[in-house]
Structures are given as structure tokens and as C-alpha cells.
Amino acid sequence: MATRTGSRTSNRSTSGSSRGSSSNRSAFSWGEGAGPIIAAALGGAAIGFAANYGRKALMQGMEATIGDWDEILTAEHDEALAIFDKMLATDQTQSFKRKMLFMKLCHALDKHAHAEEMVIYPALREDDDAADADHLEGEHGYIKTFIYELNEMGTDAPNWLEKVREFRKLVAEHAHMEEEQVFPNFKKDMTVEENAHLTALVNRDGFWMA
Ligand SMILES: [Fe+2]
Ligand SMILES: [Fe+2]
């Protein structure tokens, strides 16, 4: 059975039109021989999807072995702070390295903030701790402000290191409050099931953001 686009093309080719073949072709016509190309493209997309799915499973599978939700988030804090330290060890001539590290930091912070904002902070509010959740979420806004400012100034700016140092201080203080105060207070009254449920939610969120 001819496809819609295929029959449209063949009708025009027998109509005796004096216009050139390229003008005869609809913008939506794929033309002859396009089938294998489309199939290859779809095959490539499927392979790409499978590879990306596998990569996400690997990345999040590694995190899932870390332990409970609070341990996963603490490990992510450590990972982000380690990237900051690498950024602070660069000089003005290492523009490319700075860009790469900054991109890595942005991805790590984005994934981390997503899990907290979509899972942990809503669960905190449900547990009558809206004050801490709102305070921490407000700080996430200032973390995004630092990202905006660093993007605007460029990696070769003379005050880049100073800005990164200030940024690291905010993230370290924020992480400290979560790890030493908010997470332990929240976790201590949880049942085993609640703890496991929250861990599963953080892992699921992390999978999609990996
Ligand atoms: Fe946070
Ligand atoms: Fe955090």
C-alpha cells in the first residue's frame, strides 16, 4: 500500500507539469528511497535512547548503593564541593578547564536541587517543617543567582575566583545545615517504611535527572 506522501509524489510525476522536480515536491514529501534513511534514523534514536537509559541506570544505580536518601544527598554535597575545589585550583589562563568544571557543577547542583525541591522539601512541609523547607528552598534561589552571575561574567574575569569562593561558602553552609540539622531531625522520627519510601523517591528523581 502506497503511503500518503508516496502517492502524492507519484501523482505529480505523471501530471506532465513543466515545473522542476524540486518544486513539485511537497515540503512534507520524503521522496523515493527515504524509507531506509528514516528506518536508520529511528534505529539510531532507539539506540541513543537505550544508551541514555543505560547511562542513567548506571549513574543512579551507583548512587542507590550509597544508602538512604540523606546519605545520597550528602554524597552529592561532597561531590559538588570537590568540583568547587578543582575550580578554585585553576588560574586565569585555564579558561576551558574552568568552563568544563562549571558545567559539571551546574549539572550536579541542578540534579541535587531537583531531588530536594521535588521530594525532600515537600515531605518536610508535610511533616510540619515548612520553615526549614522554605528557608532552604530560598537559598537554592541564591545558588541559581550565583550560577547566573558566573555565566554573565565569563571564566576569564579577574574576580572569577573570588565569586566562586563566595559561591562555595554559601553551598557549604547550606549543605551543613541540611546534613547536621534538618535531615537528622526529619529522619529520627521516620518509620523504616517512610525512610525507604523517601529513598525510592530520591532515587527515581535522580534517575530522570542523571
Ligand atoms: Fe538544598
Ligand atoms: Fe542539599
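Here are worked exercises on the helices of one predicted model.

Residues are numbered from 1 along each chain as the sequence is written, and chains are lettered from A and ligands numbered from 1 in written order. In this predicted model, local features need pLDDT of at least 70 and side-chain atom pairs count only at pLDDT 80 or more, while totals for chains, interfaces and linings use all residues.

**Exercise 1. The whole chain**

Task: State how many helices and strands the protein chain has, and what share of its residues is buried.

Solution:
- Step 1. Helices (H or I, at least four residues) and strands (E, at least two) are DSSP runs, numbered from the N terminus.
- Step 2. The protein chain has eight helices and zero strands.
- Step 3. Buried means 20 or more other C-beta atoms within 10 Å of a residue's own; exposed means 12 or fewer; partly exposed is in between; C-beta atoms are placed from the backbone.
- Step 4. Of 210 residues, 18% count as buried.

**Exercise 2. The span of H5**

Task: Compare the reach of helix H5 with its expected span, then locate its bend.

Solution:
- Step 1. H5 covers residues 95-126, which is 32 residues.
- Step 2. The expected span is 1.5 Å times one less than the number of residues.
- Step 3. For H5 that gives 46 Å, and the reach from first C-alpha to last is close to it, at 45 Å.
- Step 4. A bend at a residue is the angle between axes fitted to the seven residues ending there and the seven starting there.
- Step 5. H5 bends by about 40 degrees at Glu 117.

**Exercise 3. After H5**

Task: Describe the phi of Asp 128 and decide whether Asp 128 is buried or exposed.

Solution:
- Step 1. Asp 128 sits in the loop between H5 and H6.
- Step 2. Most residues other than glycine have a negative phi.
- Step 3. Asp 128 is not a glycine, yet its phi is positive, about 65 degrees.
- Step 4. Asp 128 has 7 other C-beta atoms within 10 Å, so it is exposed.

**Exercise 4. Two partners of H5**

Task: Work out how H4 and H8 each run relative to H5.

Solution:
- Step 1. Axes are lines fitted to C-alpha atoms, for helices over the stretch in contact, and angles run from 0 to 180 degrees between N-to-C directions.
- Step 2. Angles under 35 degrees are roughly parallel, over 145 roughly antiparallel, 65 to 115 roughly perpendicular, and the rest oblique.
- Step 3. H4 (residues 69-88) packs on H5 at about 160 degrees, with the axes 10 Å apart.
- Step 4. H4 and H5 are therefore roughly antiparallel.
- Step 5. The axes of H5 and H8 come within 9 Å and cross at roughly 150 degrees.
- Step 6. So H5 is roughly antiparallel to H8 as well.
- Step 7. A crossing is left-handed if the near helix is turned anticlockwise from the far one by less than a right angle, and right-handed if clockwise.
- Step 8. H4 passes H5 in a left-handed crossing, whereas the crossing of H5 and H8 is right-handed.

**Exercise 5. Asp 205**

Task: Place Asp 205 in its helix and list what it touches.

Solution:
- Step 1. Asp 205 lies in helix H8 (residues 192-209).
- Step 2. Asp 205 has 20 other C-beta atoms within 10 Å, so it is buried.
- Step 3. Two residues are in contact if their C-beta atoms, placed from the backbone, lie within 7 Å.
- Step 4. Not counting residues up to four places away in sequence, Asp 205 touches His 114, Ala 115, Met 118 and Val 119.
- Step 5. These four are among the H5 residues that meet H8.
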